[in-house]
Amino acid sequence: MAIQTKAYALYKQYIPFIILLSTFVALPALAEKTNYAELKRGDVINVNLDQLLPTQAVISLDEEYYNLGRYAEDLKTMYNDLCRVNGAKGIKKWDKDSNPTNISTYSCQAKQGENIDALPSVIIGPEDGELFLIDHHNILSTFWDMPNGGTSVPITLKVEYNLLGSGDDFWPELLNDHEVWLYNNKGKKIKPSALPQYIGSKQLKHDKYFSLAYFLNGIAYDMPDENKVPYVKLNWSRVLREKMDIGDYNLNNLDEYATALTSAATIITDLKSDTVIGRSSKTAKEMGQKSSVDTKALENLLTNEKSTWHYAMAYRIAKKEKATPKNIEDENNNKEDDASNKKESKKKESKKKDKPNSINETDKVKAE
């Protein structure tokens with residue numbers, strides 16, 4: 001099946017515009033000063049993105065690419081997302097002078113935080129000033145990574161729990177409540193100390209199986225209530241990781257990615273309904289498994305030029321093409337640097353053989 005996308009060509013037209021936006025620097029909006037000790041469940045606070053600590057080490061980069069592709073085509077969708085995620089319904093008014101880092105430059109259909117159910121949730125950590133984000137990692141990472149966004153984008157949040165002063169009980173409590181995802185993009189288990197210190201794609205790594213699960217919502221499964229079942233897509237991604245090898249597919253090729261999605265959808269729907277999914281302790285049926293692949297929905301995903309997948313692929317391919325010359329140059333430079341470093345290392349080793357060992361036992365402990 002040869003898949004073409006006009007969204008790809010359209011995206012390429014906007015590359016100069018994206019570059020122009022990335023050079024625009026706006027004064028950051030100040031985050032609201034908060035006494036964390038007084039916060040309780042359901043309270044609403046305003047902060048900047050760089051104050052958030054992630055509770056997962058991965059994102060679906062293709063979900064971010066879908067968002068960035070839409071923003072490149074029409075900036076109104078970006079402001080609409082900002083309003084929606086901030087619990088203010090949708091965009092009401094914006095213009096060429098508006099900027100995501102300054103909420104006074106655009107207006108939403110409602111007040112920030114009015115729709116509390118739409119707000120990202122945080123858990124206040126054991127130390128004062130720690131805000132652990134427990135959902136919305138993908139869209140907030142998009143706001144962090146977009147050319148006119150960044151660390152100073154203000155965001156409205158709701159407090160899920162206040163665990164200030166919980167000390168060593170903090171992480172066990174999050175684990176018990178399934179409020180943290182301690183697996184990396186290779187599917188390996190990690191410790192809480194290995195979690196990134198910021199959101200965004202430079203810190204959170206791309207989990208390709210996560211992207212498959214993102215696209216297959218509504219095709220192979222229907223999203224259950226995330227308040228009752230956290231990390232739905234990530235749990236489905238663990239099943240896919242066990243049942244298929246994403247390395248068999250070139251995800252920069254439209255046909256091969258489409259084949260991977262078709263295979264993944266079949267894997268999900270072919271599971272027995274009582275199969276426990278990932279680390280959720282929930283069955284496939286409880287996780288929204290469909291009895292069969294919704295072929296019409298899958299066809300729409302793969303052929304509709306406005307689908308999430310088409311926008312993501314357009315952005316992915318254009319980004320790859322734009323970066324390829326630099327990547328080749330960097331690769332050559334890295335090879336030269338490696339060769340130079342090896343020579344330098346040999347020189348140092350040669351000198352060490354002739355140099356007496358003067359380090360004392362105390363310094364040796366420090367060095368280790």
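Student: In which loop is Lys-191 found?
Tutor: The model considered here is a predicted one. Two elements, α6 (170-176) and β9 (205-206), bound the stretch in question. Lys-191 is found in the loop between α6 and β9.

Student: Does Lys-191 count as buried or exposed, and at what relative accessibility?
Tutor: A residue counts as exposed when its relative accessible area is over 50%. Lys-191 therefore counts as exposed, with a relative accessibility of 62%.

Student: What distance separates the C-alpha atoms of Lys-191 and Trp-181?
Tutor: Lys-191 and Trp-181 are 10 residues apart along the chain. The separation of their C-alpha atoms is 9.9 Å.

Student: Is Thr-156 buried or exposed, and what is its relative accessible area?
Tutor: Thr-156 has its place in strand β8, which covers residues 154-162. The term buried applies under 20% relative accessible area. Thr-156 is therefore buried, at a value of 2%.

Student: With which side chains does the side chain of Thr-156 make a polar contact?
Tutor: Leaving aside neighbours within four places in sequence, Thr-156 is in contact with several residues, including Val-44, Val-85, Leu-119 and Pro-120. One polar contact of its side chain, at 3.5 Å, is with the side chain of Gln-112. Another, at 2.9 Å, is with the side chain of Asn-46.

Student: How are α8 and α9 oriented to each other?
Tutor: Helix α8 comprises residues 232-243 and helix α9 residues 254-270; their axes are 10 Å apart and the packing angle is about 105 degrees. Angles of 65 to 115 degrees fall in one class. The two helices α8 and α9 are therefore roughly perpendicular.

Student: How do the residues of the contact of α8 with α9 divide into nonpolar, polar and charged?
Tutor: From α8, the residues Trp-236, Leu-240 and Lys-243 take part, and they meet Ala-264, Ile-267 and Ile-268 in α9. Lys belongs to the charged class. The division is 5 nonpolar, no polar and 1 charged.

Student: How are α7 and α9 oriented to each other?
Tutor: Helix α7 spans residues 208-215, and its axis comes within 10 Å of that of α9, crossing at roughly 75 degrees. In this contact, Ser-211, Leu-212 and Phe-215 of α7 meet Tyr-257, Ala-260, Leu-261 and Ala-264 of α9. These contact residues divide into 6 nonpolar, 1 polar and no charged. By the crossing angle, α7 and α9 are therefore roughly perpendicular.

Student: How many aromatic pairs does the structure hold?
Tutor: A pair of aromatic rings is described by the distance of the centres and the angle of the planes. The structure holds such pairs to the number of 14.

Student: What kind of aromatic pair do Tyr-79 and Trp-94 form?
Tutor: The pair links Tyr-79 in helix α4 (residues 75-85) with Trp-94 in the loop between β4 (91-93) and β5 (107-108), 15 residues apart. Tyr-79 counts as buried at 1% relative accessibility, whereas Trp-94 counts as partly exposed at 30%. The ring centres are 5.2 Å apart and the planes differ by 25 degrees, and the pair is stacked.

Student: What kind of pair do the rings of Phe-132 and Trp-171 form?
Tutor: Phe-132 lies in strand β7 (residues 131-133) and Trp-171 in helix α6, so the pair ties together parts that are 39 residues apart in sequence. Phe-132 is buried at 8% relative accessibility, and Trp-171 is partly exposed at 22%. With centres 5.3 Å apart and planes at 85 degrees, the pair is therefore edge-to-face.

Notes
Residues numbered from 1 in each chain as written. Predicted model: local features only at pLDDT ≥ 70, side-chain atom pairs only at ≥ 80, totals over all residues. Heavy atoms only, no water. Axes fitted to C-alpha atoms, helices over the stretch in contact; angles between N-to-C directions. Helix = DSSP H or I, 4+ residues; strand = E, 2+ residues; numbered from the N terminus. Parallel < 35°, antiparallel > 145°, perpendicular 65-115°, else oblique. Contact = heavy atoms within 4.5 Å. Buried < 20%, exposed > 50% of the residue type's maximum accessible area, 1.4 Å probe, protein only. Polar contact = N/O pair within 3.5 Å; in protein donor to acceptor, adjacent residues only side chain to side chain. Phe/Tyr/Trp six-rings, centres within 6.5 Å; stacked < 30°, edge-to-face > 60°.
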